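Me: Please take a close look at one part of this structure and describe it step by step. I am new to it, so explain the terms as they come up.

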Amino acid sequence: MIVGIDLGTTHSLIGIYADDGPRLFPNPLGDLLTPSVVGVDDDGHVLVGQAARDRMVSHPQQAVAAFKRWMGTDRETRLGRRTFRPEELSALVLRALVADAEAALGGRVAEAVISVPAYFSDAQRKATRAAGELAGIRVERLINEPTAAALAYGLQERPDGSRFLVFDLGGGTFDVSVLEMFEGVVEVHASAGDNFLGGEDFLDALEAACLADLGLAPDALDAPQRGQLRRRLETAKRALSSEEEVRVECRLGERAIDWRIDQQRFAHLVEPLLQRMRAPLERAMRDARLQPEQLDEIVLVGGASRMPLVARLVSRMFGRLPLRHVHPDQAIALGACVAAGMKARDRRLEEMVLTDVCPYTLGTEVARRDEQGRPQSGFFHPIIQRNSVVPTSREDTFWPVQPGQSGIVLQVYQGESPLVANNIKLGELKVPVDPRLPPEQNAVDVRFTYDVNGVLQVEAAVRATGKRHELVLERNPGLLDPRQIRERLAALAELKVHPRAKQENVALLARAERLYEEHLHAREQLQQWIARFRAALETQDELLIREHRREFGAALDTLEPA
Amino acid sequence: MSPLEWFGLGGDADERALKRAYAQRLRRTRPEDDPEGFQQLHAMYQRALAQCRRNPALAPASAGDGGGNGGPAGDAPPAAAAAAPPRADGAAPRMPAAMAGTDLRPPAVRFDLDGFCTQAIDRAASGDADALGRWLQARPEFWSLQLKTEAGRALVQRLYRERPPMPAACLDAILRFFDLHHATAGHDPLALQRLERHMQLAWELQPAHRAALCARLRPMPTVRTLDRQLALLEAPFRWSRVIALAVFPARIAMFVNTLTRGHPEDLPERFDRRAIRFWLDAADRTRITRARLLMGGIRWLAATLLGALLGCAIAWLDADPAEAGRLALGLGAVGFTMGLCWLAWMAYQPLDRWHGLPEHVAVRWPWLNLLLVPLLCGLGLGVNALLPHSVLALVVPVVAAWLAIRRCWRRFPSQRRPHAAIFRVAPFLIYPLARVLFVDADDVRGGFAYWQILTVPMLAWGLDLWFQRAHLRVRSRTAAQAD
């Protein structure tokens, strides 16, 4: 059984391609969306999801969110007694999701298709695969998020012979893909994106403006207060989608905050972010060699695309309103389920074929001769150009710069800048050549092969001798090697997790603690309720606990109308 | 076989039929199962698609289609797009009323590209890259992809043509806005760097930006000094000025180099190329140039004259004409000898460079380069036979030894060679040293035989050959290939 997983910056979902099409599984709290937040509680249990998210407000040091943005880096986060790499945090979320799926299916889940932003780099993709391994599942395939959304949309609408653009603005990443569907073929023409542009950035802009208006320095608030403020602003941001003006009122410690923002001001604040969205959109269109008139549809997905500002940007650029037939939060997960079904060779999907592209340019460093004939090094020479259909294989020929060179070093880079200094180095391959031959007879043929799983293979053949050299870029520097993964897997297995049955209680307590932080006037009341609920938990009487849980939940709802 | 035939279609097949055929084959050749087969299939599909679109009979049907990634990047945007009418069917009803004001279809009135370029260049000249970026972003016309591409191309062409003064940050903002700053945009990065340097220098040289330029040329004390230096460079070439400035060519050349970041060719047209060339040549220590000889000559003449004058003056004060004459002659002779030494030194430097070039660099007279040291040793033996114990007989092996050691040292593969400064003065020390060791010691210990002296250069030469054995070319073969 292969599951499809949308591992998002703010929310994650899991599902499967079932008999009646893609189906998503709820978490123990009954929601399809599990917040991508990891925390620890006071006795060292790991919390994932809503409980951890509530804990971010009550105990900001003991929960972490938005770690998807750190994937592919070495950044470590301290939680409780140990530190976690971003892969490990993702793995904990994946484990929670897989547990939901196993509970729903009643069997073991060992394989998954995980969606990643189309513009994720090589290192980020490998980190995602490592996260899967750490969660104890085999990642059968990584599917690009906009492609996944297109699969969901395609399956739902069956638009034959049409071209469309998927605009995916998630919590932390922005992706654009231009696709075409015909005769069951889903062909991606181009992808572009920005890995650091998402709903969180809109929230940051709002927070910066709020703090500036209140005359507060960004570090004037302590962590819990900031967490509270961000939560309020998040609500305000959502409200701005429908209301003309929103008022933010809360107490942060001694300060009473009363702040107003209207849509116009918000639009002005986020104008730079909207401008940043233009470049990937234009690039994708240019790479697909399409004009806006030639698109049949524009599909918006991702939670942040709910903002009317975004729809306005799209209409302005393409001269038409975007489409909203698919669920912005679920489309990617549903698409990942379809991809899982395709991977599992589901009978109903065998007509479907997906061709995707490599979203970035791959090449090597070369030296060029300037007008005086002096060699200048540091230039990037593309071999596989971005948005080539994968799998792809391209060859190019290189010569030594100077006579008498005893070898050439092929530095493999990924990126778009004409200078390698601004690109990401993936590895290098040393190719010895005969120094006695003049450079023009010392040609080296270099072949880059990029497969559907995103593994790049570099082959070099010295023409004079026919000798071959090879480099397979499976692991990047800074990422975990298989031995480290085994070690970390063992370490993660030792972490304590609340049993599934108790998770609802844990989440309820975390919520109550958050409300305790947020509502000064109701603190005594909350303390009483929490004590009573804890007492009920002590009894271990399932019936009593269920009764108390219902009452406790209802009581909390009165403080916080949904 | 034409690409369409490969798909089992006739030459008049339309895109729909092609796509159907492609889809059928694709199901048998999935990219994840058969990578090679898929690559071949996809390449064929791209070619067939291009053939379909070229087909004049089908042109109207395929207008509005431009998909595909097969072609080379960086070429012109699809020309077909200009002819593609806005889709009349679905697009119009989707256009909401509120958006009518921002209709993006090609405007009826042609956009004034030239005017836009002029405005952009004017704004860039102010030097505020952020303001320029905002101004570009706020222009409503550029929401149209096609227009934006066109305008970007026109603007960059104009920049290449006119090279207006513009700071690098503004050029960067322009390239960024038009998405031309990436590797596949089709610009030669070196040409772009040259353009950037050129425009930046022109901008810095504007009178309004003197203070900033002064700050960049750190040791330059004041704007006034800078102005004076620039005036000197801008003035046309004149001999009177050359003679007046004969003492400082190196300073002028250094100023030119720091000003242009090592690219004097970037200087605007108003600078006299001949003058700049002259100053750079005069300061170039690696070559013997006319400018350098001239400058040296002038200096030398001045030194000799000064010496003679000084002698005359002293003698005049002493009121002894005979003594005065001798003193003037003596000082003049010192000046003359200095000049000779300078000439010898100037001749020695290129010889040393040529002789110490790495083995793989194509040198002039390769055989002479290889065998210079043995030849010199032979010459020394000859001289010694004719004039035993003469100065000349000693100078030859000393020079040979020195050249051989230098060659060995310079060509040594390690990067950690001792600093080269010692080698600049050492040639002048080696003769007295050798004389003390070999000739004067002769009376004390019986001395060395002449051939023993020659072992030093030959040893160093042999050592060098040993180090370079991996690189030694078969010189005759290279020569034959050159023919």
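Reply: From residue 450 to 467, chain B is 100% helix and 0% strand, with its end C-alpha atoms 27 Å apart. This is a predicted model, in which local features need pLDDT (the predictor's confidence in each residue, from 0 to 100) of at least 70, side-chain atom pairs count only at 80 or more, and totals for chains, interfaces and linings use all residues. Residues are numbered from 1 along each chain as its sequence is written, while chains are lettered from A and ligands numbered from 1 in the order in which they are written.

UniProt, in an unreviewed entry, labels residues 450-467 of chain B "transmembrane region", along with 297-317, 329-347 and 421-438; such annotations may be inferred rather than shown by experiment, and feature names are shortened. Residues 329-347 of chain B are likewise 100% helix and 0% strand, and their end C-alpha atoms also lie 27 Å apart.

Elsewhere in chain B, helix H7 (helices are DSSP runs of H or I, at least four residues, and strands runs of E, at least two, numbered from the N terminus) covers residues 113-125. Its 13 residues span 18 Å from first C-alpha to last, close to the 18 Å expected at 1.5 Å a residue, where the expectation is 1.5 Å times one less than the number of residues. After H7(B) comes Gly127(B), with a positive phi near 95 degrees.
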